[in-house]
Amino acid sequence: MSPASLPTRRSPIERIRRRLLASSKDLISFALSGLLAFELRFDGVIPGKYHHPFATALIVWAIAKTLAFAVGGVNRGYWRHTSIYDAQRIALANAAGSVLGGVALISLLGPWGIPRSVYILEWIISSFLLLGGRFISRAAAAAKSTRWAEGEGTRTLIYGAGAAGLQLLWEIRQNRALMCDVVGLVDDDPSKIGLILDGKRVLGTGEALNVLVKKHGAKQVLIAIPSATGPQLVRILKLAADAGVEYKMVPSLGDLIRDKNLGGQIRKIAVEDLLGRKSVQLDQGQIRERIQGKVVMVTGAAGSIGSELCRQIARFRPLALIGFDQAETPLFQIDRELRNNFPGMAFHPEIGDVTEPEHLNYVMKHYAPSILYHAAAYKHVPLMERHIFAAVQNNIFGTWQTALAAMRHGVEDFVMISTDKAVRPTSMMGATKRVSELVIRALQAESDTRFVVVRFGNVLGSNGSVVPIFKEQIAAGGPVTVTHPEMRRYFMTIPEAAQLVMQAFSIGKGGDVFLLDMGEPVKIIDLATNLILLSGLKPEKDIKIQFTGLRPGEKLFEELNLHNESLLPTLHAKIRRYASPSNIDSTQLMMYLQALEQIVEERDRARLVGLLEDMIPDYTPSAQLREAALPAALNRARTVGVEMVGRGSSRPGLG
């Protein structure tokens with residue numbers, strides 16, 4: 001029920017007056033039911049010897065039932081909102097009053113003072129009068145709301161004739177602000193066709209939506225199937241688009257529990273709905289135990305994942321939260337948001353670069369964080385193919401410097417955000433994230449800090465990701481550019497990724513690499529098509545889709561684990577742990593990092609590619625990078641790498 005459909009808040013005097021009025025109506029019903037019971041028993045003429053028992057019975061029943069109604073709290077609601085639950089309470093209170101009155105009358109008048117049939121007739125008639133009066137009031141209110149609703153507002157079809165559809169129909173009738181004229185319902189269950197639900201007929205299945213829209217002049221479809229899967233929603237979306245109507249969605253039961261204003265939650269379908277991903281169930285107690293009362297630091301706090309981590313962490317009442325990022329404006333925005341939404345939490349925005357150890361050491365010494373989430377990284381694959389030294393500097397050395405500072409200042413837990421692109425990488429971004437993972441695993445053997453790595457795929461709607469780009473292209477009239485018709489990616493929503501990262505941290509023991517369950521991979525062409533449909537347009541007719549070819553460093557398919565890695569279950573169904581085949585040689589890794597530092601200083605692209613191939617045997621550089629790396633220089637870099645680590649193989653590897 002929406003606030004618009006409920007009465008305004010009344011003063012105590014008005015509430016007392018309303019209850020007295022309702023009680024007066026009930027007293028009339030009590031008296032009338034007693035009178036009719038005697039009249040029916042004696043065919044309209046009450047014998048003289050029953051005049052005294054009749055008067056006594058009216059008084060006793062009135063007192064007994066008033067007490068029963070007061071104890072049952074019957075008159076605390078509105079007659080026009082009487083529900084089945086209210087009817088049950090009224091029937092029970094009335095029955096209790098009849099029994100109580102009957103016992104009192106037998107005590108006063110004796111077992112034969114009143115004919116036994118009068119007791120039964122009184123109970124039946126009073127039940128009819130009490131419930132009938134309330135349902136007549138409700139019917140009158142419904143008729144009044146129906147009068148304004150019928151023929152006014154946008155002509156609407158409700159898709160879904162289940163509980164959600166019926167609730168939506170009731171809400172529309174009560175809430176004038178929605179301005180919907182429901183012409184009927186649609187449901188994919190053929191057995192429901194022809195049924196009349198709350199005065200509206202189920203007109204047909206979804207396949208007939210186009211015909212039904214034209215026949216009844218519908219302008220919009222409200223989808224009332226909160227449990228629909230992604231493929232089911234895509235199908236409904238296509239049917240609505242073909243019918244040329246607007247379409248919106250009603251919320252899930254969980255949303256209704258959090259906010260009972262159903263009308264206010266009717267919304268446009270989002271691309272997240274089409275993925276069909278269910279909400280994450282977290283072990284709230286386990287996360288709270290690890291975070292509450294602790295100082296938490298997030299690097300990359302102004303980014304998509306970092307900012308969502310800050311929002312989620314704030315819910316668990318940390319002692320303080322430090323947001324570390326080099327992007328001033330987004331950091332300013334998350335600062336304002338957290339201060340408004342969590343005024344009791346201390347949030348400290350710190351502008352800084354993870355590659356600057358002096359600033360990292362200062363911040364950690366000043367705030368002494370117990371937990372650190374490392375989300376700072378360069379993530380755009382094609383851009384990092386052109387800026388390979390920046391990728392190494394930020395992703396590898398930024399992680400190294402942050403981890404060293406965390407160890408130095410007693411951070412208890414360090415969680416690094418990684419990517420599925422680190423598995424058999426074909427891009428500089430993936431390769432640098434893979435080396436970052438190796439750094440974290442190597443440091444675990446030398447530190448009391450618990451280091452945990454969490455891998456996941458693309459984050460739906462994150463800054464610079466495919467969905468915002470597609471939306472911009474659609475808004476501009478197209479074309480929507482897709483690299484390849486067979487390209488697939490794993491997707492997660494931003495809140496889901498952040499929540500599962502927190503859950504993985506709570507179960508990590510140190511040295512673990514976790515993989516988040518990302519569901520089934522999604523074809524990018526399907527994602528583009530669905531986004532066009534969500535915009536109320538038709539693919540290829542209104543918006544063209546153009547294939548541009550794979551960009552440097554891109555794969556057609558992302559992979560989840562290496563050939564020598566296996567995945568083990570954890571206590572959480574959506575988180576799995578990698579079973580690493582061997583430990584990392586930290587001495588060898590540190591020597592590689594020293595060589596990387598020199599290569600970055602000299603800006604030697606050929607040696608950089610060669611050294612990364614040595615460190616990660618399954619790394620396959622893009623053709624563009626190979627062309628830039630001269631064969632002679634590459635061989636020279638490999639020779640240096642072999643001599644440096646003292647290994648006989650030209651590709652000793654760490655991965």
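**Exercises on a nine-stranded sheet and its surroundings**

An open sheet of nine strands, with mixed pairing, follows the order 10-9-8-11-12-13-18-22-21. Strands are DSSP runs of E with at least two residues, helices are runs of H or I with at least four, and both are numbered from the N terminus; two strands pair if DSSP finds at least two bridges between them. The model is predicted: local features need pLDDT of at least 70, side-chain atom pairs count only at pLDDT 80 or more, and totals for chains, interfaces and linings use all residues. Residues are numbered from 1 along each chain as its sequence is written, and side-chain values use heavy atoms, with hydrogens and water left out.

**Exercise 1.** Determine which strands stand at the edges of the sheet.

*Solution.* Strand 10 (346-351) and strand 21 (566-569) each have a single partner strand, so one side of each is left without a neighbour in the sheet. From one strand to the next, the twist averages 25°.

**Exercise 2.** Describe how strand 13 and strand 18 pair, and state which elements helix 19 lies across.

*Solution.* Strand 13 (residues 450-456) and strand 18 (residues 512-516) are parallel and share four bridges. In strand 18, Leu515 is the bridge partner of Arg455. Helix 19 (residues 494-507) lies across strand 11 (371-374), strand 12 (413-419), strand 13, strand 18 and strand 22 (575-579). Its direction is about 150° to strand 18, where axes are lines fitted to C-alpha atoms, for helices over the stretch in contact, and angles run from 0 to 180 degrees between N-to-C directions.

**Exercise 3.** Characterise the aromatic pair of Phe414 and Phe451.

*Solution.* The whole structure holds six aromatic pairs, defined for rings of Phe, Tyr and Trp (its six-membered ring) with centres within 6.5 Å; planes under 30 degrees apart are stacked, over 60 edge-to-face and the rest tilted. Phe414 and Phe451 are tilted, at 5.1 Å centre to centre and 50° between the planes. Phe414 lies in strand 12 and Phe451 in strand 13, 37 residues apart. Both Phe414 and Phe451 are buried, that is, under 20% relative accessible area, with exposed over 50% and partly exposed in between (1.4 Å probe, protein chains only).

**Exercise 4.** Identify the residues with the most contacts inside the largest nonpolar core.

*Solution.* A nonpolar core is a set of buried Ala, Val, Leu, Ile, Met, Phe, Trp, Tyr and Cys residues joined through side-chain atoms within 4.5 Å. The largest has 99 residues, and Ile291, Tyr373 and Phe456 have the most contacts inside it. Helix 16 (residues 388-408) gives the most to this core, with 10 residues.

Terms used: Contact means heavy atoms within 4.5 Å.
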